[in-house]
Structure formats: C-alpha cells, structure tokens
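Please read the following account with the sequence and the model side by side, moving from one to the other as each part is introduced.

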Amino acid sequence: MQYKIGIIGAGNMGEALIRGLLHSKRVRPNEIIASRRNAKKLAGYRRQYRIHTTSSNSEIMESAENIILAIKPQNIDLLLPEIKKSLKKNHLILSIAAGIDTGKLKKGLKNHNAIVRVMPNLPALVDLGISGIYCTPKVSSRQRRLAHQIFEAVGKTVEVPNEKWLDAITGLSGTGPAYLFAMIEALISAGKKVGLPESLSKHLTLETILGAAQMALQSDEAPEKLRARVTSKKGTTWAAMKVFKKRKFWKLIEEAVGAATKRAKELRGKK
Ligand SMILES: NC(=O)c1ccc[n+]([C@@H]2O[C@H](COP(=O)([O-])OP(=O)(O)OC[C@H]3O[C@@H](n4cnc5c(N)ncnc54)[C@H](OP(=O)(O)O)[C@@H]3O)[C@@H](O)[C@H]2O)c1
C-alpha cells in the first residue's frame, strides 16, 4: 500500500493526529493521506503538512493500510457501507468515534477482525492527550504497537482489556477537560471576588493547576497525602477544605463522572 496512515474525517482530532504524527517523525508526510468534504480545508492541509488529501474515502481505503475513522459518531452509519466495499484483510481500522462500539463496527465492516477503538481527549490538540485503547482479540501485536504509537504522537495511551471500560474512560478523561475548565472558570471568578484583577487571577489559576498536576505526577505520595501536607490545623487550606467537606465536593465530582459515564452507556445503546 502507498500510505501507512489514512485518516477519514480529518477535523479537529484528525488534524491533531496529522500534526502529532509528523512532529513525532514516526511518519513522513508522503505516508499520510486524509479525507474530509471541505476542499478548502484539504488544500490547507496539503500546504501546511505536505500530506496527500482526497475527498474520496474509497481512495483512502484503496491506498492506505491503517485507517483512522475520525468522523463524528452520527456520520458512521453512512460511512461504513461506503468503505466496506474496498476493505481488505490487512487493513487495521482504528475508530475514535465516541460511543460506537467494536461490535457495531465489525457488523458494518463484513466481520472485519482488526479493529481498535480509541477514546482520546481534547488536550490531544496540544499533544497532552490521554487515550484509552481497546483492541479486539484478533488485532496482532504489531498492530497493537502501532495503535499505541499513533496516539502517543498526541499524548499518552492506556490499554484496557474490557471494552466496557471505555464508557468510564469517556466519563473520566474523555469528559475530564470540561471538569477542569469549569474548575478554572470558578477559580478565576473566585480570585476576582477576593480582589484580584482577572488577568492575574487567570495566570495564578492556570499555573497552580499545572503545578499541582506536575507535582502529583512526579510524587510517590497519594494526592490525599500531598493535600494533608499543605493543610495545617487552623491554617488557610484547613479553612478552605472545611468548605469543600461541608459542600460535599468529592461527592459532587463522583456524581458528575457517574452521570457522564451513564450517558456514554445510554448513547452507545442508542447507536
Ligand atoms: N474532540 C474531542 O475532544 C473528542 C474526544 C474524544 C473522541 N472524539 C471523537 O473524535 C471524532 C472527531 O471529533 P472532532 O472533534 O475532530 O470532530 P470534527 O472536527 O467535526 O471532525 C470530523 C470531520 O469529519 C468530516 N466528515 C464528516 N463526514 C464525512 C465523510 N462522510 N467523509 C469524510 N469526512 C467527513 C468533517 O469535515 P467536512 O465537513 O469537511 O467533511 C469534520 O471536519 C468524533 O467521532 C468524536 O466522537 C472527539
């Protein structure tokens, strides 16, 4: 096959993968082909990334070995009959479409064996994503390695042995950036309420979140321990944590992640 990677539906996530793959130097521009319907956008990708592009998904199937389905879940039903005509035994299909399970993909793709389902998250756009990966049993170890390499180009990867876990991953890390954006909004506004200018409040909030995440990543101590270390009796953190406890902050987050996971399951059922 002419191309190593074919990306069907190169929108936000697809473009992040193109940029990440080229940046990681794992793939050369002439080893990638990408599709979408907007011709202007495709011309932009050709100029910026020097990759090949096409408006024909069949051309992707004919010329690329590893196919990333990066279209929206609602477009999958139309896409599967279109691409199954040119499906070959050695194709590896990697789908990032939220809520579309491998059973559905397999059914729509003539019982194809090599299917990988991935749940990335938004920070993939800045190469700091975390992707949950589930490989169907017949995916070879070479294909599994490749799946990790592709998504490592935009961050980290974790593999799960059970596809059902992808609902929980959707609820935790897939939806997770929004929890933190909400926390960022709340902290910026709280900073303003206690007298800081907005720009300073934003700067302090973002650096604090980045620093705390880095510290938790680098430390061997559990987050509770790290928190306990900065909480002295009757101190400022103690005063703040009293409010967190009273308002059941942990329960609130548990409920939000639970609701997102439940919704992921419901949407998967509907699809
Ligand atoms: N964004 C996230 O944070 C995130 C997280 C996890 C998973 N995902 C999953 O990633 C997938 C892509 O999300 P996204 O945010 O990148 O969406 P997006 O920006 O809308 O990208 C999808 C692209 O598919 C193209 N498209 C639609 N129908 C097509 C067709 N028949 N053939 C070829 N291309 C077609 C559209 O471009 P044209 O209109 O030009 O065709 C569009 O740009 C979704 O399935 C989503 O569930 C996203």
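Which helix gives the largest share of the shell around the ligand? In this predicted model, that share comes from helix α1, residues 12–24, which supplies three residues to the shell. The ligand is surrounded by 26 residues in total, and the closest of them are G9, G11, R37, N38 and A98. By residue class, the shell is made up of twelve nonpolar, ten polar and four charged residues.

Helix α1 appears again when one turns from the ligand to the interior. The largest nonpolar core has 52 residues, and within it L17 and I68 are the residues with the most contacts; to this core α1 gives the most, with five residues. Once the neighbours within four places in sequence are left aside, L17 is in contact with I7, I68, I150, A153 and V154. As a general background to such a grouping, nonpolar side chains in soluble globular proteins tend to be buried together.

A contrast to this interior is offered by helix α11, which runs over residues 236–246 and is hardly covered, since the count of buried residues among its eleven residues is zero. After α11 comes K248, a residue whose phi is positive, near 55°.

The next step is to place these parts within the whole chain. The domain assignment of the protein gives domain 1 as 3–163 and domain 2 as 176–269, and the C-alpha centres of domain 1 and domain 2 lie 33 Å apart. The contact between them takes five residues from domain 1 and five residues from domain 2. On the side of domain 1 that touches domain 2, the residues divide into two nonpolar, two polar and one charged.

Taken as a whole, the protein contains twelve helices and eight strands, and its C-alpha trace spans about 70 × 40 × 30 Å along the principal axes. Of its 271 residues, 32% count as buried. Among the contacts in the protein with a separation of 6 or more, 64% are accounted for by residues 24 or more positions apart.

To return to the starting point, helix α1 can be followed through two parts of this description: α1 provides the largest share of the shell around the ligand, and α1 also gives the most to the largest nonpolar core.

How values were computed
Residues numbered from 1 in each chain as written. Predicted model: local features only at pLDDT ≥ 70, side-chain atom pairs only at ≥ 80, totals over all residues. Near = placed C-beta within 6 Å. Helix = DSSP H or I, 4+ residues; strand = E, 2+ residues; numbered from the N terminus. Nonpolar A, V, L, I, M, F, W, Y, C, P; charged D, E, K, R; others polar. Buried ≥ 20, exposed ≤ 12 C-beta atoms within 10 Å, placed from the backbone. Core = buried A, V, L, I, M, F, W, Y, C linked by C-beta atoms within 7 Å. Contact = placed C-beta atoms within 7 Å. Domains from an automatic or database assignment.
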